[in-house]
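New to this protein and wondering where to begin? Have a look at the sequence and the fold before reading on.

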Amino acid sequence: MNSVPFLNLRVPYLELKNEIDAAVARVLDSGWYILGSEVEAFEAEYAAYCETDHAIGVANGLDALHLALLAMDVGAGDEVIVPSNTYIATWLAVSHCGATPVPVEPDETTYNIDPARIEAAITDRTKVILPVHLYGQPADLTPILEIARRHGLKVLEDAAQAHGARYKGKRIGGHGDAVAWSFYPGKNLGAMGDGGAVTTNDPEIADRIRVLRNYGSRVKYVNEVIGYNSRLDPIQAAVLRIKLKYLDSWNLRRKTIADHYLEELGKLRCTLPSAPNRIKPVWHLFVIRHANRDKLQKKLTELGINTLIHYPIPPHKQAAYSAMKFRQTDFPVASRLANELLSLPIGPHLSLSELEKTTQCVKLALEAR
C-alpha cells in the first residue's frame, strides 16, 4: 500500500472539478478581475454563514489580522496580548502595526491561550486581546471577553483554522469585535491560492478595513488614508463560493476521522486532543502529544505515514523576535508543546483505508516504544 499523505489538495478539486471550473470560467469571461460582484457575493454568503453582519475579503490571513488591528487603531507604543503557542503570523500582524506582541501561555488541556493568565499581562499600553482558535478548537471566549470589557480592550480572534467551529452554540465569526480568517489552500475552507477575510458586527471596523485594503480609497484616485493593496481575488472568491457549500459536510468528515482516532488511540501512551463541551471543533488538525515526539514521527515516516509538526519553533524563539530578548526558559509551556506535539493526517478526503493504516501504524509505533 502507498504511503498516507498528510493532506492531498488535488482530491477536493477533483471532487468539485466541474463546479470550480465553471466558476473560474465565469470570472474569466466577465472581464472584471479586481473586487467586483464575485467578491461581494462571497462576502455576503460568508457573513451569513458566520452569522455576522459584515465580511471583508482581503489578500491573505496575515493581512486580515494586520488590517483588523489597524482598524482598531493599534499602532506604535501599543501592546497586543497574543498566545505564546501559535503560528508566527499572529505575532507578525502585531509587529506590522508597530505594536508589541505580549505572549501569554496556553492551557495545557486545550493548547489555546489560558484566560486565567491574561489579566496579569495587561498594562496601560494594552489595546487588544488576540486569542487564536488553534487547530480548529475555539478558545474560551467568555472569560476573554469579560476581561476585555473590564479593561476597555478590543478582542480580535484569529480563526485561520476554525471555519465553521462553534462556541457555546454560536458560530465563530462575531463573538469578539472582529475575526480574521485565512483561506490558504490547506484550511478547512481553502482557496486555490492565498486569500483571507475579516468578519465583524461593527460597521465602523468593516468600513475601515474596506478602505485600508484598497489603497486607503473608497473612490478611485481619492485616498483618505495611507492604505494597502490587499484585495481578495475574484477567482479565489468564486472558488470559495463553491467550497463554502460543502464546508459543513467536509467538516463532518473531519469529525468522523477525529472520532475514530479518539476511540482507537485512547488507551495508548500519548495525549489526545481534549474538546470541552462548550465548543464544537472543526478538527483542522488532529494533534497528539508524546514526550519522544521526534522518534515517534521518524517511526511513522518509516511506516509510510506522513505527519507534520505544528509548530516546531515557538514565536518567542524565532530569530525574527530576537530583539525582544526572550530567554530560552521563558514560556515553558509553549516550548514543551513545540517539542511534543505531532499532527496526524485528518483531511476530509482521507480514505477509510488510509485512516485504518494510520491508526494501525500509530498503535504499532507507540506499542513498540
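What follows is a short tour of pockets, cores, cavities and a few individual residues.

## The largest pocket

One thing to keep in mind from the start: this is a predicted model. A good place to begin is the largest pocket, which has a volume of about 690 Å³. Its lining is made up of 30 residues, and the ones closest to the centre are Tyr-87, Ser-182, Tyr-184, Lys-187 and Tyr-311.

Two elements give two or more residues to that lining: helix H4 (61–71) and helix H5 (89–96). H4 gives the most, with three residues. By class, the lining of the largest pocket splits into 15 nonpolar, eleven polar and four charged residues.

## The second largest pocket

Next comes the second largest pocket, with about 240 Å³ of space. Here 14 residues do the lining, and Asn-251, Lys-255, Lys-280, Pro-281 and Val-282 sit nearest the centre.

If you want to find this second pocket on screen, try helix H10 (residues 247–264), which gives the most to its lining, with six residues. The class split for this pocket is six nonpolar, two polar and six charged.

## Two nonpolar cores

The largest nonpolar core has 42 residues. Inside it, Tyr-46, Ile-81, Ile-118 and Phe-183 have the most contacts. Several elements each supply at least two residues of this core: helix H3 (37–49), strand S3 (100–104), helix H7 (141–151), strand S8 (178–182) and helix H9 (234–244). Another core lies apart from it, with 30 residues, among them Ala-64, Val-128, Ala-180 and Ala-206.

Phe-183 is worth a click. Leaving out residues up to four places away in sequence, Phe-183 touches Phe-42, Tyr-46, His-163, Leu-189, Gly-190, Ala-191, Gly-193, Gly-195, Gly-196, Ala-197 and Leu-240.

## A look at helix H3

H3 has 13 residues, and from its first C-alpha to its last it reaches 18 Å, close to the 18 Å expected at 1.5 Å a residue. Which residues of H3 are buried? They are Glu-38, Val-39, Ala-41, Phe-42, Glu-43, Tyr-46, Ala-47 and Tyr-49. After H3 comes Glu-51, whose phi is positive, near 60 degrees.

## Backbone oddities

Some background helps here: most residues other than glycine have a negative phi, and most peptide bonds are trans. Against that, Lys-168 has a positive phi near 50 degrees. You'll find Lys-168 in the loop between strand S6 (166–167) and strand S7 (170–171). Its relative accessible area is 52%, so Lys-168 is exposed. Lys-325 has a positive phi too, of about 55 degrees, although it is not a glycine. Lys-325 sits in the loop between H11 and H12, and at a relative accessible area of 69% it counts as exposed.

That loop also holds Tyr-311, between helix H11 (293–302) and helix H12 (332–340). The peptide bond from His-310 to Tyr-311 is cis, with omega near 5 degrees.

## Two loop residues

Is Lys-220 buried or exposed? Because its relative accessibility is 65%, above the 50% cut-off, Lys-220 counts as exposed. Lys-220 is in the loop between strand S10 (217–219) and strand S11 (222–223). Its C-alpha is separated by 28 Å from that of Thr-52, 168 residues apart along the chain.

Gly-98 belongs to the loop between H5 and S3. With a relative accessible area of 42%, Gly-98 is partly exposed. Gly-98 touches Gly-75, Ala-76 and Gly-77, not counting residues up to four places away in sequence. Gly-98 and Glu-15 are 83 residues apart in sequence and 43 Å apart in space, C-alpha to C-alpha.

## Closed cavities

How many cavities of 30 Å³ or more does a search of the whole structure find? There are two. The largest cavity has a volume of about 60 Å³, and residues lining it include Thr-109, Tyr-135, Gln-137, Trp-283 and Val-287. Its lining has six nonpolar, four polar and no charged residues.

The second largest cavity holds about 30 Å³ of space. Tyr-311 turns up here as well, lining this cavity along with residues including Ser-84, Asn-85, Ile-313 and Ala-338. This lining has six nonpolar, three polar and no charged residues.

Definitions and conventions. Residues are numbered from 1 along each chain as its sequence is written. This is a predicted model: local features need pLDDT of at least 70, side-chain atom pairs count only at pLDDT 80 or more; totals for chains, interfaces and linings use all residues. Side-chain values use heavy atoms; hydrogens and water are left out. On a 1 Å grid over the protein atoms alone, a cavity is a set of points where a 1.4 Å probe fits but cannot get out, and a pocket is an open set with protein on both sides within 12 Å along at least five of seven lines; lining residues have an atom within 4 Å of a point. Grid points are joined across faces, edges and corners, and a volume is the space filled by probe spheres set on the points. Helices (H or I, at least four residues) and strands (E, at least two) are DSSP runs, numbered from the N terminus. Ala, Val, Leu, Ile, Met, Phe, Trp, Tyr, Cys and Pro count as nonpolar, Asp, Glu, Lys and Arg as charged, and the others, Gly among them, as polar. A nonpolar core is a set of buried Ala, Val, Leu, Ile, Met, Phe, Trp, Tyr and Cys residues joined through side-chain atoms within 4.5 Å. Buried means under 20% relative accessible area, exposed over 50%, partly exposed in between (1.4 Å probe, protein chains only). Contact means heavy atoms within 4.5 Å. The expected span of a helix is 1.5 Å times one less than its number of residues.
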